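Visitor: I should like a close look at a single part of this protein chain. Please take one buried residue, set out its surroundings, and then place that account within the chain as a whole.

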Amino acid sequence: MIQEAQIANGFILLMALSNATEPLSTTQISEIISKKTRGEIFKLSATLKDSLEYRLKRDGYVEGTNMKKKSIYSITPKGRKLLKGWIAFLSAYS
């Protein structure tokens, strides 16, 4: 069950990053998720940082840059490819 939750969380994060024109902080990502889901999904910045750093960044799906008091993230080409595959899979079932 934990693995599925991590996959869903990764999908949500990659979706939030996919339309960004510049790297985003965890606070900005959290705001995008909340806005896009009309408040149905809210992710704490600390939870996002954990997922971004220890799963998505480690596996090469996002890039992170450490600033003075925050980190900013952007989706990589590998992350876009994964997201495209997930979307295609989900579209096949709709």
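Guide: The account below begins with one leucine, moves on to other residues, and ends with the chain as a whole.

The model is a predicted one. The residue chosen is Leu48, which is located in helix H3. That helix covers residues 45-57. With a relative accessible area of 0%, Leu48 falls under the 20% limit and is therefore classed as buried. Once neighbours within four places in sequence are set aside, the contacts of Leu48 are Leu13, Thr26, Ile29, Ser30, Ile33 and Lys43. One of these partners, Ser30, is 18 residues away in sequence, and the two C-alpha atoms are 7.7 Å apart. Helix H2 spans residues 26-36, and helix H1 spans residues 2-18.

Helix H3 also holds Glu53. The side chain of Glu53 forms a polar contact of 2.7 Å with the side chain of Tyr73. Beyond the neighbours within four places in sequence, Glu53 touches Arg58 as well as Tyr73. Strand S3 consists of residues 71-75.

Three serines extend the picture. In helix H1, Ser18 has a relative accessible area of 14%, so this residue is buried. Neighbours within four places aside, Ser18 is in contact with Ile75, Arg80 and Leu83.

Ser34 belongs to helix H2. Its relative accessibility is 21%, and Ser34 is therefore counted as partly exposed. Apart from neighbours within four places in sequence, Ser34 makes contact with Gly39, Ile41 and Phe42. A separation of 25 Å lies between the C-alpha atoms of Ser34 and Pro77, which are 43 residues apart along the chain.

Ser74 is placed in strand S3. Its relative accessible area is 21%, so Ser74 is likewise partly exposed. Outside the window of four places in sequence, Ser74 contacts Leu17, Pro23, Tyr61, Val62 and Glu63. The C-alpha atoms of Ser74 and Gly39 are separated by 23 Å, with these positions 35 residues apart along the chain.

These local views can now be set against the whole. The protein chain has 4 helices and 3 strands, arranged along the sequence in the pattern α-β-α-α-β-β-α. Its radius of gyration is 13 Å, close to the 12 Å that the globule rule gives for 94 residues, so the chain is as compact as a globular protein of that length. Taken along the principal axes, the box filled by the C-alpha atoms is roughly 45 × 30 × 30 Å.

Of the 94 residues in the protein chain, 30% are buried; Leu48 and Ser18 are among them. When contacts between residues at least 6 apart in sequence are considered, 46% join residues at least 24 apart. The accessible surface amounts to about 6600 Å², and carbon and sulfur atoms account for 57% of that area. As for charge, the protein chain carries 15 positive and 8 negative charges, and the mean positions of the two sets are 4 Å apart.

To return to the starting point, Leu48 is buried at 0% relative accessible area, with Leu13, Ile29 and Ile33 included among its contacts.

Methods:
Residues numbered from 1 in each chain as written. Predicted model: local features only at pLDDT ≥ 70, side-chain atom pairs only at ≥ 80, totals over all residues. Heavy atoms only, no water. Helix = DSSP H or I, 4+ residues; strand = E, 2+ residues; numbered from the N terminus. Rg over C-alpha atoms; globule rule 2.2 N^0.38 Å. Buried < 20%, exposed > 50% of the residue type's maximum accessible area, 1.4 Å probe, protein only. Contact = heavy atoms within 4.5 Å. Areas by Shrake-Rupley, 256 points an atom, 1.4 Å probe, with all protein chains shown as cover. Lys, Arg positive; Asp, Glu negative; His and termini not counted. Charge placed at Lys NZ, Arg CZ, Asp CG, Glu CD. Polar contact = N/O pair within 3.5 Å; in protein donor to acceptor, adjacent residues only side chain to side chain.
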